[in-house]
Every structure is written in C-alpha cells, then in structure tokens.
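Visitor: I should like to examine this structure with some guidance. May we proceed by question and answer?

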Amino acid sequence: MPKFLGLYASKKGKDGVQVGLTLKSIRFNVAWNVWREVAEIGVFLIPFFLEGEKAKAIPLSGIAGIAVGGILGGIIYIANKRLENKTWLAVFMAVLLLFLATGLFTGGLHEFEEVWGMTQNVYNYRDAAGGFFNEKKLPMALVKPFGYSAKRSVLQVASFWSFLAFGCALHFWKWLSTKKIREAEEMAEAEKAAGVEGLDHQETTPIEEKNSGTDEDANSGADEENP
C-alpha cells in the first residue's frame with residue numbers, strides 16, 4: 001500500500017528512475033489476492049461445515065467481515081480521492097497492515113502451540129468485566145486479527161514483539177532505500193538540466209563570436225576608407 005500511494009519507490013531502473021505499477025499488473029494482483037483469500041477461507045471453513053452446529057457462526061462472521069472491510073475500503077477510497085498529500089494515509093495503512101500481519105503470525109503459532117503443548121501463560125483477563133475483553137466474543141473479536149488477545153502465553157508474547165520489530169526494521173530499510181532512489185533521481189535531473197544548459201551555451205557561443213568578428217571587420221574597413 002505505501003508503494004501504491006507513492007510513499008515508497010516501487011522499483012529502481014538502471015538509471016535510478018522510479019517505475020510505477022501498470023494498470024494490468026494492478027488488476028492481476030487484485031484478482032489473484034481476492035481469489036487466494038477466498039480459497040483460504042473456504043478451506044478453513046470445512047471443519048465448521050462438517051460439524052453442523054458451528055456453521056451457524058459463518059453468516060454472522062461473513063457479515064461482520066464485509067462490514068469492516070467495506071468501512072475500511074470506503075475510508076481508503078475517499079481519502080485517496082480527496083487528499084492531496086497521501087503520506088499520512090500511507091503511514092496509517094502501513095501500520096494497520098503491519099499489525100494485521102503480526103496478529104496472523106502470532107495466531108498461527110498459537111494454533112501450533114495448542115496442538116504440541118502450551119507454554120506458560122503471561123496474563124489472562126478474559127473473564128474481566130463480564131467477559132467484555134474476551135477476544136473470542138464481540139466486540140473484541142473484531143480486533144483479534146490485529147494481534148489483540150486477552151490471554152497471552154510466553155510464545156505469543158515473544159512471537160508478537162519479535163515479528164512487530166522485524167516488520168518495523170523492514171519498513172525502515174525500505175524508507176532508506178526509497179530515500180536513496182529519490183536522491184539518485186534528483187541528481188539525474190540536475191545533471192540532465194546542466195547538460196541542456198551546456199548545449200545551449202555551446203550553440204549560442206559560436207554565433208556570438210561570428211557576429212563579433214563581423215563587427216570588427218566592418219569597423220576596420222571603415223577606418224581604412226577614412227584615413
């Protein structure tokens with residue numbers, strides 16, 4: 001998303017000029033990601049379909065997902081159309097996606113932990129305030145994909161902060177790379193402008209010298225005619 005909004009350079013060519021995404025590549029990426037996510041959801045829902053009773057939660061979760069996705073998508077669309085400076089929008093999307101990736105990574109490791117053996121719990125406040133903070137119930141279930149959990153094990157805490165630190169390091173590296181690309185572009189443009197000025201100077205100088213020589217010849221001829 002930061003690349004799409006222009007915050008990060010997407011590519012660097014041989015001359016250091018940024019190359020953006022084409023409309024064809026954008027369409028392919030959108031179609032491929034939509035298909036991939038839908039296929040993953042279908043695979044993950046197979047156990048719920050087989051058990052029968054848990055299948056009742058599928059329509060509710062689908063409606064909640066569509067509502068949240070529609071709201072976020074609408075906000076991004078409106079901001080992209082109306083905001084001239086999209087830096088803050090790109091930063092917001094980068095932070096949001098980073099926490100989403102962190103939450104998915106942590107949740108995945110926790111699933112393996114439940115199968116192979118749980119590590120020691122660090123804290124647990126699922127039952128506080130009548131279960132309001134329980135990540136398995138609404139409304140906190142909506143923020144669970146972004147890494148929220150009212151019960152954390154040692155593995156969850158370690159994986160959450162390590163992956164978050166790794167993502168921040170990648171963003172910092174990408175920011176440094178983009179800065180170097182921007183500097184290379186500015187230097188290339190400056191050298192190009194200097195080259196154009198040099199050509200203009202070379203084209204005008206011989207004409208000025210020729211005109212200067214013609215004036216001197218005319219003055220010397222006039223002096224000879226008038227001793």
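The exchange below concerns confidence, the nonpolar core and one loop residue.

Visitor: What pLDDT does the chain average?

Guide: This is a predicted model, and 79% of its residues score at least 70. The average pLDDT of the chain is 79.

Visitor: Over which residues is the pLDDT below 50?
Guide: The stretch in question has eleven contacts in the model beyond near neighbours in sequence. Where pLDDT is low, however, the predicted coordinates should not be read in detail. The stretch with pLDDT below 50 is residues 14-18.

Visitor: Which helix gives the most to the largest nonpolar core?
Guide: The largest nonpolar core has seven residues, namely L5, I76, A79, L89, A90, M93 and L96. Helix 3 (57-82) and helix 4 (87-116) each supply at least two of them. With four residues, the leading contributor is helix 4.

Visitor: Which residues does I76 touch, not counting those up to four places away in sequence?
Guide: I76 belongs to the largest nonpolar core. Under that exclusion, its contacts are L89 and M93.

Visitor: Is R126 buried or exposed?
Guide: R126 lies in the loop between strand 1 (121-124) and strand 2 (151-153). Its relative accessible area is 18%, and the cut-off for burial is under 20%. R126 is therefore buried.

Visitor: Which side chain does a polar contact of 2.5 Å join to that of R126?
Guide: Leaving aside neighbours within four places in sequence, R126 is in contact with G131, N134, E135, K136, A150 and K151. The side chain joined to that of R126 by the 2.5 Å polar contact belongs to E135.

Definitions and conventions. Residues are numbered from 1 along each chain as its sequence is written. This is a predicted model: local features need pLDDT of at least 70, side-chain atom pairs count only at pLDDT 80 or more; totals for chains, interfaces and linings use all residues. Side-chain values use heavy atoms; hydrogens and water are left out. pLDDT is the predictor's confidence in each residue, from 0 to 100. Contact means heavy atoms within 4.5 Å. A nonpolar core is a set of buried Ala, Val, Leu, Ile, Met, Phe, Trp, Tyr and Cys residues joined through side-chain atoms within 4.5 Å. Buried means under 20% relative accessible area, exposed over 50%, partly exposed in between (1.4 Å probe, protein chains only). Helices (H or I, at least four residues) and strands (E, at least two) are DSSP runs, numbered from the N terminus. A polar contact is a pair of N or O atoms within 3.5 Å; within protein, one must be able to donate a hydrogen and the other to accept it, and residues adjacent in sequence count only if both atoms are side-chain atoms.
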